[in-house]
Amino acid sequence: MSVPAMLRLGTRKSPMAMAQSGLVAEAITVRTGHRVELVGVTTHGDVSQAHLAQMGGTGVFAGALRERLLDGEVDLAVHSLKDLPTAQPEGIVLAAVPRRDDPRDALVTREGAKLADLPAGAVIGTGSPRRAAQLMLARKDIHCVPIRGNADTRLGKVGTGELDAVVLAAAGLARIGRLEAASQVFEPDDMLPAPGQGALAVECRSADTVLAGLLASVDDPASRCAITAERAVLAALQAGCSAPVGAYAAGTGLLQVRAVVAAVDGGSAVRASASGPAAEAGRLGRDVADDLLRRGAARYMGMPSELTSNGDDAS
């Protein structure tokens, strides 16, 4: 099957999504010579006023894009990888994971204050139970509230004084040219990011093997390896992207995987880590998840009490 000269790339319509999809489109054109047209798609997560955790979190932004892809309305789709369910749908392939941007979380305050500088009772906006849990692990005296809207809307709530701070992905702020607004960027030692945060996913139809081969030109093996380990943690925990789970993998020949599952109120958390050959990224992620379950992580995620570690026989 031939590849059209002009590729149709499906993307959410938010400024951040359009910006990051534009970067992928440019890279595809440079690497393959094919022009790329952005096709904006409105997703369920964009129109619903419910908080992401109430909508189930996982897949609320990806579903509509994948429908357009399977229907043939677009040739490829670009997602924030952290928003994707861990199970790959039939008929769609993850053709590329471009080089990952900054995976860290960023705090934005009015006057450049860091988390430690905020007054007791400070109100921080975040739609992520993972971020809220780790913020409250660090500061028991703050208050986290759910927040919706694009990045500019969230930043505006800090500027008007409605909120004392918000937490956003550092990569997202950079992509819309607002990274200078960050007063603090949390190192993974202080706040583990969401699995896949900072990375993008490029999907196409499984049957479009020639296109998949072209898209592989923008794939970054090290980034794909890291997110494979992180998402293996999430999959083995049977947790979605709205669960209070952080995971981060880094390294080239030797991959180190770290993960945390925290109580949503910041009362306590369990942590685990593993390291090994990068070629065994999936197994390393599953090993970390097994360790977390042995340490009692299930109680923080609303899991059935019978859900426990797979034990030492996990492949």
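Is C204 buried or exposed? Let's start there, everyone. C204 is buried, because its relative accessible area is 0%, and a residue counts as buried under 20%. Before I go on, please keep in mind that this is a predicted model.

Let me stay with the cysteines for a moment. C144 has a relative accessibility of 14%, so this residue counts as buried too. And how many disulfides does the structure hold? The count is 0.

Now let's step back and look at the protein as a whole. You have 315 residues in front of you, and buried residues make up 52% of them. The chain is arranged into 9 helices and 13 strands. If you take the contacts between residues at least 6 apart in sequence, 69% of them join residues at least 24 apart. As for the outside, the protein exposes about 13,500 Å², and 51% of that area is supplied by carbon and sulfur atoms.

Here is one example of residues that are separated along the chain. Please find P89, in the loop that runs between β3 (76–80) and β4 (92–96). With a relative accessible area of 25%, P89 is partly exposed. Now find S206. In sequence, P89 and S206 are 117 residues apart, while in space their C-alpha atoms are 10.0 Å apart.

Next, a helix. S223 is found in α8, the helix that covers residues 221–236. Its relative accessible area is 7%, so S223 is buried. Which residues is S223 in contact with, once we leave aside its neighbours within four places in sequence? They are V97, P98, R99 and R100. So when you turn the model on your screen, you can start from helix α8 at S223 and look across to those four residues, V97 to R100.

Let's move on to charged side chains. The count of salt bridges comes to 22, and I'd like to walk you through a few of them.

The pair to begin with is D75 and R8, where the closest N and O atoms are 3.0 Å apart. D75 lies in the loop between α3 (63–70) and β3, and R8 lies in strand β1 (residues 6–12), so this pair ties together parts that are 67 residues apart in sequence. How do the two partners sit with respect to the surface? D75 has 6% relative accessibility and counts as buried, whereas R8, at 28%, counts as partly exposed.

Another pair is E73 and R68, with the closest N and O atoms 3.4 Å apart. Here E73 is partly exposed, with a relative accessible area of 42%, and R68 is partly exposed as well, at 26%.

One more pair for you: the side chains of D141 and R139 meet in a salt bridge, 2.7 Å from N to O. D141 counts as partly exposed at 35% relative accessibility, while R139 counts as buried at 11%.

Some salt bridges also share partners, and in this way R8, D75, R205 and D208 are joined into one network. You have already met two members of that network, since R8 and D75 form the salt bridge at 3.0 Å.

To close, let's return to where we began. C204 is buried, at 0%, C144 is buried, at 14%, and the structure holds 0 disulfides. Thanks for listening, and do go and explore the model yourselves!

Methods. Residues are numbered from 1 along each chain as its sequence is written. This is a predicted model: local features need pLDDT of at least 70, side-chain atom pairs count only at pLDDT 80 or more; totals for chains, interfaces and linings use all residues. Side-chain values use heavy atoms; hydrogens and water are left out. A disulfide is a pair of cysteine sulfur atoms within 2.5 Å. Buried means under 20% relative accessible area, exposed over 50%, partly exposed in between (1.4 Å probe, protein chains only). Helices (H or I, at least four residues) and strands (E, at least two) are DSSP runs, numbered from the N terminus. Contact means heavy atoms within 4.5 Å. Accessible areas come from the Shrake-Rupley method with a 1.4 Å probe; for residues, only the protein chains shown count as cover. A salt bridge is a side-chain nitrogen of Lys or Arg within 4 Å of a carboxyl oxygen of Asp or Glu.
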